[in-house]
Amino acid sequence: MTAATTPTGGWPVAIAGLGARLPDRVVTNDDLAEVLDTSDEWIRTRTGIRERHVAAPEEATSDLATAAARDALRDAGLAATDLAAVIVATTSPDHQVAATAPLVASALGVTAPAFDLNAACSGFVYALRVASGMVATGDGAVLVIGAETLTRIADPEDRSTAVLFGDGAGAVVLVPDDDARLGPFSLGADGEGASMLWTPSGGTRRPFDAEVLADRSHYLSMRGGDVYRNAVVRMADSAREVLAQAGLEVADVDLLVGHQANVRILDAVAARLGLPTELSHISVDRHGNTSAASIPLALADARAQGKLRDGATVLLAAFGAGLTWGACLLTWKDR
Ligand code: COA
């Protein structure tokens with residue numbers, strides 16, 4: 001990349017390590033069709049999903065997060081004691097209280113500051129924004145994990161949501177690096193649209209009780225069509241916004257790693273941006289929608305396929321419950 005197209009407005013921060021953890025058990029569309037009134041054909045044509053990984057009964061979000069974190073630390077050649085902070089982006093924490101990140105930090109053997117960030121499927125991009133500011137202002141290395149056990153909060157009897165989600169975790173270690181750029185970022189939120197995608201009950205608005213159990217409103221509920229339309233517009237608009245901030249064109253993007261909710265959404269975002277679909281990485285076909293974990297898992301998947309070459313300009317874009325959305329640029333550096 002020439003100096004003229006170097007992204008401006010971002011932080012001098014690099015991804016020093018990237019890690020992933022997918023549960024061992026793979027559930028195919030045909031497996032789901034044995035227990036739900038659905039079919040491989042319906043799921044594939046509507047979403048592009050073929051299979052997803054599902055956590056074992058004894059596995060929770062912090063277990064997946066810890067495994068991904070260890071993988072990322074190994075990749076970075078760093079020890080957990082080198083970390084200044086641990087951030088877990090999740091909307092399916094182990095417990096309502098306490099947060100998941102301290103459990104992860106503890107499993108890694110450190111008492112560094114650790115906190116959760118909930119921006120649902122946009123959580124990883126939000127967490128990168130928070131962490132990059134911390135790294136750039138002198139905190140040191142920060143571990144950012146996107147981790148979810150979404151199959152626990154989706155209603156296994158509701159075919160309109162149960163087929164969409166999967167479990168997993170991805171992690172990055174961010175370090176200061178004057179030759180690298182993370183950002184600029186464009187983030188947004190609109191709470192007026194919260195009911196498009198939420199768990200109606202089980203929080204402080206309507207606490208869990210026998211009635212909630214009976215009407216199953218502690219599970220995820222979604223207006224799929226509304227979410228779909230909003231996701232396409234918000235992801236494309238925030239992607240354009242960061243490109244404009246950086247003084248880059250769509251043609252400067254080497255790889256789009258969008259939130260992996262649905263292949264049709266990702267194709268529509270690429271089309272709106274005028275980006276060839278082959279430059280949009282797809283892992284939702286094998287992972288399902290893993291919410292905050294989807295982008296770091298997709299990054300790890302893209303690297304395994306040789307798509308992250310040194311110096312590549314990578315565009316991340318996400319949309320999720322909240323509603324929340326966001327995009328950012330990063331320059332990939334082989335280390
Ligand atoms: N198998 C078979 N049929 C199903 C089904 C399933 N798993 N889920 C829903 N259907 C049925 C519906 O009941 C409906 O039947 P009806 O017409 O008799 O009422 C029919 O399929 C069409 O449903 P519709 O909602 O119009 O389908 P769609 O083409 O909009 O696709 C989604 C549904 C969920 C795939 C799509 O709206 C979507 O991807 N939305 C975004 C979801 C998402 O990504 N959420 C997370 C974002 S972070």
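**Figure 1. The largest cavity of this predicted model and the residues around it.** In this predicted model, the largest cavity has a volume of about 30 Å³, and the count of cavities of 30 Å³ or more comes to 1. Its lining is formed by Val 13, Ala 14, Ile 15, Arg 181, Leu 182, Leu 330 and Thr 331. Two elements, β1 (13-21) and β13 (324-331), each give two or more residues to this lining, and β1 gives the most, with 3 residues. Sorted by character, the lining residues of the largest cavity divide into 5 nonpolar, 1 polar and 1 charged. As background to such a view, rolling a probe the size of a water molecule over the atoms shows where empty space is left.

**Figure 2. Helix α5 and the glycine just after it.** Helix α5 covers residues 123-136, 14 residues in all, and from its first C-alpha to its last it reaches 20 Å, which is close to the 20 Å expected at 1.5 Å a residue. Because 11 of its 14 residues are buried, α5 is largely enclosed by the rest of the structure. The buried residues of α5 include Gly 123, Phe 124, Val 125, Tyr 126, Ala 127 and Leu 128, and, further along the helix, Ala 131, Ser 132, Gly 133, Met 134 and Val 135 are buried as well. Just after α5, Gly 138 takes a positive phi of about 105°.

**Figure 3. Cys 121 and Cys 328, two buried cysteines without a disulfide.** The structure holds 0 disulfides, and the view of these two residues shows why: the cysteine sulfur closest to that of Cys 121 belongs to Cys 328 and lies 16 Å away, too far for a bond. Seen from the other residue, the sulfur of Cys 328 likewise has its closest cysteine sulfur in Cys 121, at 16 Å, whereas a disulfide would need the two sulfur atoms within 2.5 Å. Cys 121 counts as buried because its relative accessibility is 8%, and Cys 328 counts as buried at 0%, the cut-off for buried being under 20%.

**Figure 4. Asp 155 and its contact with Arg 216.** Asp 155 is placed in the loop between strand β6 (141-149) and helix α6 (159-162). Although Asp 155 belongs to a loop, its relative accessibility is 7%, so this residue counts as buried. The side chain of Asp 155 makes a polar contact with the side chain of Arg 216, at a distance of 2.8 Å.

Note on methods
Residues are numbered from 1 along each chain as its sequence is written. This is a predicted model: local features need pLDDT of at least 70, side-chain atom pairs count only at pLDDT 80 or more; totals for chains, interfaces and linings use all residues. Side-chain values use heavy atoms; hydrogens and water are left out. Buried means under 20% relative accessible area, exposed over 50%, partly exposed in between (1.4 Å probe, protein chains only). On a 1 Å grid over the protein atoms alone, a cavity is a set of points where a 1.4 Å probe fits but cannot get out, and a pocket is an open set with protein on both sides within 12 Å along at least five of seven lines; lining residues have an atom within 4 Å of a point. Grid points are joined across faces, edges and corners, and a volume is the space filled by probe spheres set on the points. Helices (H or I, at least four residues) and strands (E, at least two) are DSSP runs, numbered from the N terminus. Ala, Val, Leu, Ile, Met, Phe, Trp, Tyr, Cys and Pro count as nonpolar, Asp, Glu, Lys and Arg as charged, and the others, Gly among them, as polar. The expected span of a helix is 1.5 Å times one less than its number of residues. A polar contact is a pair of N or O atoms within 3.5 Å; within protein, one must be able to donate a hydrogen and the other to accept it, and residues adjacent in sequence count only if both atoms are side-chain atoms.
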